[in-house]
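User: I would like to take a close look at a single part of this structure, and I am still new to reading such models. Please go through it slowly.

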Amino acid sequence: MTVKGIIMSWVRKDLLGLEYLSKEEIELILSTADSFKEVSTREIKKVPALRGKTVVNLFYEPSTRTRVSFEVAAKRLSADVINIASETSSVKKGETLIDTGKNIQALKADIIVMRHNYSGAAVVLARNIDLSVINAGDGWHEHPTQALLDIFTLKEKLGRIPGLHVTIVGDIAHSRVARSNIWGLTKLGAKVTVCAPAMLIPPGIEELGVKVSHDLGEALKQADAVNVLRMQFERDEEEAFPKQLEYFQNFGITAERLKKAKKGIIVMHPGPINRGIEMSSEVADGANSVILEQVTNGIAVRMAVLFLVAQAREENAA
Amino acid sequence: MRLLIKNGRVVDPANNIDAALDILVADGKIVKVAKDIKANGAQIIDAADKIIIPGLVDMHVHLREPGREDKETVESGTAAALKGGVTTLLAMPNTTPAIDSEENIALLKKIIGKSAQANVLICGAISKGRLGKELSGIAELKKAGALAISDDGSSVDNDDLLLDAFKQAKEAGLLVICHSEDKALSGKGVVNRGLIATRMGLRGISHESEYLRVERDIKLAKKTGVKIHIAHVSCKESVILIAAAKKQGVKVTAEAAPHHFSFTEEAVLGFDTNFKMNPPLRSKADREALRQALKDGTIDCIASDHAPHTENEKDIEFDRAEFGVIGLETELSAAITELVETKLLDWPRLVEKMAVNPARILGIDQGSLATGKDADIVIIDPKQERLVEKQKLISRSKNCAFLGMKLRGVVEYTIYKGEVHPWNS
């Protein structure tokens, strides 16, 4: 085994959100991910850690990136992976979430990785089945593995998390990535600023210990890193939403803006990027961007999470 | 049949009584309330260390029949009511069909006649089908036996239509119960707007969606002189408006539901849909405002807003789950635990909130233990605690916010029209 020097203190059946984790648990995932990163650089990119385990990717919302990342991670741990997408499943026939979960349990699977369009769906599923549930994004609520890979990348690039200034730009109100990042970063001691037009800032967010800004220039001044959220202009909601062009002018990340920011500022994005909307192509492909490294690190982080959860299952069973 | 309740503490604020007295019941009526009544062959209930109060009057109950008998029926709902000490209840008209005509009242009356275990009073709909487009025949509803009208579940959006309804209700002498909510503001919200909604990634329901409607309803009530009753008050601003209106002499009364004075929005953090209701659980400050309003009389009464839903409608994603919780079987214990044990209300005041005042608001002859009244009596063990368990609930639905909690005060007997229902054996 390549996993060395890790104190095993993960006891949770599920990973539902970073809100529910302690600082130590987050650090454990990050250090475990660190050990797993090397696996993907080997000629034979596989360890036997999850051999004989079944991981079900249950995706109620279209997602290529996260689903594929989990699939690759599970396969590199030698797990068997089954993908269920809502378009092809009995969900369309009206089966409830809990019934679907119980059916997957009856198949003797071990871990469900779920993406769902409703906030809290992973919490509800986890409460009702014995299988481990890993939240791969639920509504506007949390996307813990995305935040973990963001934090992992930040730490790798900047050497630490405590004291870092991280600015999150974009649709904070409707973003699970923002929420998970806020929980994770603040628990680890980073200073977080959220920056967006007022209509995209959810009420009470300051009480989570973040600064709110409506001025990107100001929000970038001190930032060691900027995490740029995907803007979903196709969103069909009743809530107010800014105009696309106006948004890019005021909140789009451009090379111009980066020149005025801290030297060496890191630019992150959970993908997929809307080039010319959240950021210019020049920035996306530029020297400050770590967007593709995030994708690579996503595998290590998801391997770590799958591994820790599977380990806790075995210990609970023993 | 004669029944003698001995040695208990009789709390009967309608008659200014709080004393150790015996109560003699015969032929479904209270015959005598006095010290040391002789049994003379009557069946005896020893109520030593127990508290004896009039049967509760719950003026906000969804019995779901006709139309949604899978959630609740008149029979199951009234059985649950008796178990909770509720002997009289007002059935809300949002059934299928809605209770918006003489004919539908006749239909409901037939069901009640056949299966009700407790006293069921009828609330008619303000508008046809509760759609807020066209008024139902308000005088006709009154004539057919409705005690009040309400579009509960919805508010009448159109001010002109509501003004018309208020005028007609005033003329007919009918109470109007207002579900004060502007759906254009509450929208697709599912929890109180604020930090908790933000943390959970859920859409919020603002205070404005409630109190702006309370404000309008009060204004129109003032203009027309009709009696209105604000249902399920949930936030501080509404309390302030109601207090001010009462001071000005507007004929407005109000109720609070046990879940609103027991819990805050923090209860929803686990995405448990038994804490999803409309209006939503609010902040600590709101809960405190409701408690103070119950104490100072701004809020006249406690009503359960008993809203049964099946597990299929509740045990799902939070956004998709139905709003509402059941409350008939827990409201008295919840009130004892949250209001009496905390010394906010003493026993006579509690009885006022749960029996005397709702009876007065509805203009019915309940809520009193005077000689000659119906023998609707509840005997409570005030010290005993019980765990609220799903399998012990007799309502057809189990969506109770108090599941798994210990509540103080257990109903030992409910006597409805002289008939004894023992619960602790």
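Which residues in H2(B) are buried?

Analyst: Keep in mind from the start that this is a predicted model. Helix H2 of chain B covers residues 102-115, which makes 14 residues, and from its first C-alpha to its last it reaches 20 Å, close to the 20 Å expected at 1.5 Å a residue. Within H2(B), the buried residues are B:Asn104, B:Ile105, B:Leu108 and B:Ile112. When you look down the axis of H2(B), these buried residues fall within an arc of 100°, and therefore they line one face of the helix. A general rule helps in reading such a pattern: an α-helix has 3.6 residues a turn, so residues three or four places apart point the same way.

The next step is to ask what that buried face meets. The buried residues of H2(B) pack against two helices of chain B, H1 (74-83) and H3 (138-144), and also against two strands of chain B, E8 (119-124) and E9 (146-150). If you find these elements in the picture, you can follow how the buried residues of H2(B) are placed among them.

Now turn to the other side of H2(B), where the exposed residues are B:Glu103, B:Ala106, B:Lys110, B:Gly113 and B:Lys114. Taken together, H2(B) has buried residues that line one face, while B:Lys110 and B:Lys114 are among the residues exposed on the other side.

How values were computed: Residues numbered from 1 in each chain as written. Chains lettered and ligands numbered in written order. Predicted model: local features only at pLDDT ≥ 70, side-chain atom pairs only at ≥ 80, totals over all residues. Helix = DSSP H or I, 4+ residues; strand = E, 2+ residues; numbered from the N terminus. Expected span 1.5 Å × (residues − 1). Buried ≥ 20, exposed ≤ 12 C-beta atoms within 10 Å, placed from the backbone. Arc of directions from axis to C-beta. Contact = placed C-beta atoms within 7 Å.
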